[in-house]
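Reader: I would like to go through one site in a structure with you. Could you show it to me before we begin?
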Amino acid sequence: MSANGYISEVDYLYGYYPETSPVRLRLALLASGVGHSVGTVPNYLELGFGQGLSLSINAATNDGNFYGTDFNPAQVANALELAQATGRPISIFEDSFEQLAERTDLPQFDIIALHGIWSWVSDESRRAIVRIARDRLKPGGIFYISYNVTPGWSPAMPLRHLMAEYSKRAATGGILERAQKAINFVDQVMDSGAAYFATHPQLKTRLDQIRKQDMHYVAHEYFNAEWEPMAFSKVADILSEAKLSFAGSANILDNIPALSVPSSATEALSEITDPILRETTLDYFVNRQFRRDIFVKGLRRLDGHQLRATVSQQQFTLLANATDCPSTVGTSVGDAELKQDIYAPVIAAIDAADGKICSVEQLAQAEVCQNIDFWQIWESLLVLTGAGTIAPLDSRDVEASRTDAANSLNKFICAKSESLAGMQFLASPLIGSAVSVSWIDQIFIKALSDGVDDVPSRAWDILSAQGKRLIVEGNELPDKAANIAELQRLFKDFERARLPILRSLGIFLQK
């Protein structure tokens, strides 16, 4: 079954997308030197929220009024459960974008966010999204959109078309079964010497990667009737109808030219003054397949004084142990080496700060950072954020209501972990976002909160009840003794390396 061409026969994954967090969106604009009018209590709307995990975590960990819509009733039901678990009054609708655009009971929004859905819906739905942005986004507001983009997707578009056509015209069964049959059919076509695939041999690797992905994701990504990767310039032109201007990337690293622009592109890009053409051309240099863009209604650049003053007050905290300073970071142009004479002192200064929270100005004044330029410190913080080593926060003083909401939601997620392994994120009220927490670690957290003495044995009881075994170096552990021994090792590592960080982020289950 589909609605406006969008697959609704199977549910989407439980994903959390940190780019949708109000804190991260504000940081991304600051990294681009762009101003906004989004305060600390925003009206926030998510279009096409999937299972609602991002919406619920953002609502639990940030002040504001949160709204969302998705037309898949099963996903809406799941989102309502998550919203109820937060204890927050999240407004959740089962409206299509066209229906939402017709509503007269919505406020003006500071932030409108949609992740991925733009590429998977009809032109009619995209027009409705533009109308919502035009009529409901405040001047100075933020519009976050992510989507499949050409030219990176261009060689694979015929691959996707053949899979979709086989699923529609020849395969039988439910969508997951049809998707698997379509993959097998295209694999056979490749092996039979089809000239297109011989000309584009990298598509064999891509098909092998598709086969390894979660089939629920594959169904949504490849088998919608409406599916259109777009050039950035086309998206920008469409959104200009809602008075939206491109402000920067929600991927923090893409806002740092040294890490996002190949050296071979410098000369060609330096001659381009139009920002839309520049971004479109850059996509060809890096062969980009997916964009995470921020547009604003009313583009305003921060002057030097405003930028320095705002950057100085931005705070960060650690997401990892200080000893785990990365030596490289992956970027759109490859792995970049991080100079340890800059990055190590910055991490050490945050680690030594009260509560492991430090502003940029405090870092600039720290003795260990005295030989580092202010703007080098700022860039290193952006890079470390992109690497997942640190995270931005608005304030070290977290409202009790946010702590309670995050704790309540985390209890719900950890309780679900005893039967469902899909929600591998927990809410942090400190950073206004989520951190990735594995299924096993969630089971450990739940057992600790329940006061269990032998946590590894409790974890084994849960695994065995589901007929699961741990896998080590590709091999399933054979018996109870081997599984418990491995769980004991994992729990010791969790207590030593991860639990202190989670507690510092406010991720723990209060009784």
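Author: What follows is a short exchange about one histidine and the strands around that residue, in a predicted model.

Reader: Where is His-115 placed?

Author: His-115 belongs to strand β6, which covers residues 109–115.

Reader: Is His-115 buried or exposed?

Author: His-115 is buried, because its relative accessibility is 15% and the cut-off for buried is under 20%.

Reader: Which residues is His-115 in contact with, sequence neighbours aside?

Author: Beyond the neighbours within four places in sequence, His-115 is in contact with Tyr-17, Tyr-144, Ser-146 and Phe-290. With Ser-146 there is also a polar contact between the side chains, at 3.0 Å.

Reader: What is the bridge partner of His-115 in β7?

Author: Ser-146 is that partner. The strands β6 and β7 run parallel and are joined by six bridges.

Reader: Turning to the connection, what do β6, helix α5 and β7 make?

Author: They make a β-α-β unit, and that unit is right-handed. Helix α5 spans residues 123–136.

Reader: How many residues of β7 are buried?

Author: In strand β7, residues 137–148, 10 of the 12 residues are buried, so the strand is mostly covered.

Reader: Which strand does β7 pair with in the antiparallel sense?

Author: That is strand β9, residues 290–297, and the pairing has seven bridges.

Reader: And which residue in β9 stands opposite Ser-146?

Author: Arg-292 stands opposite Ser-146 there. Ser-146 therefore has a bridge partner in β6, His-115, and faces Arg-292 in β9.

How values were computed. Residues numbered from 1 in each chain as written. Predicted model: local features only at pLDDT ≥ 70, side-chain atom pairs only at ≥ 80, totals over all residues. Heavy atoms only, no water. Helix = DSSP H or I, 4+ residues; strand = E, 2+ residues; numbered from the N terminus. Buried < 20%, exposed > 50% of the residue type's maximum accessible area, 1.4 Å probe, protein only. Polar contact = N/O pair within 3.5 Å; in protein donor to acceptor, adjacent residues only side chain to side chain. Contact = heavy atoms within 4.5 Å. Pairing = 2+ DSSP bridges. Right-handed = clockwise from strand over helix to strand, strands pointing away.
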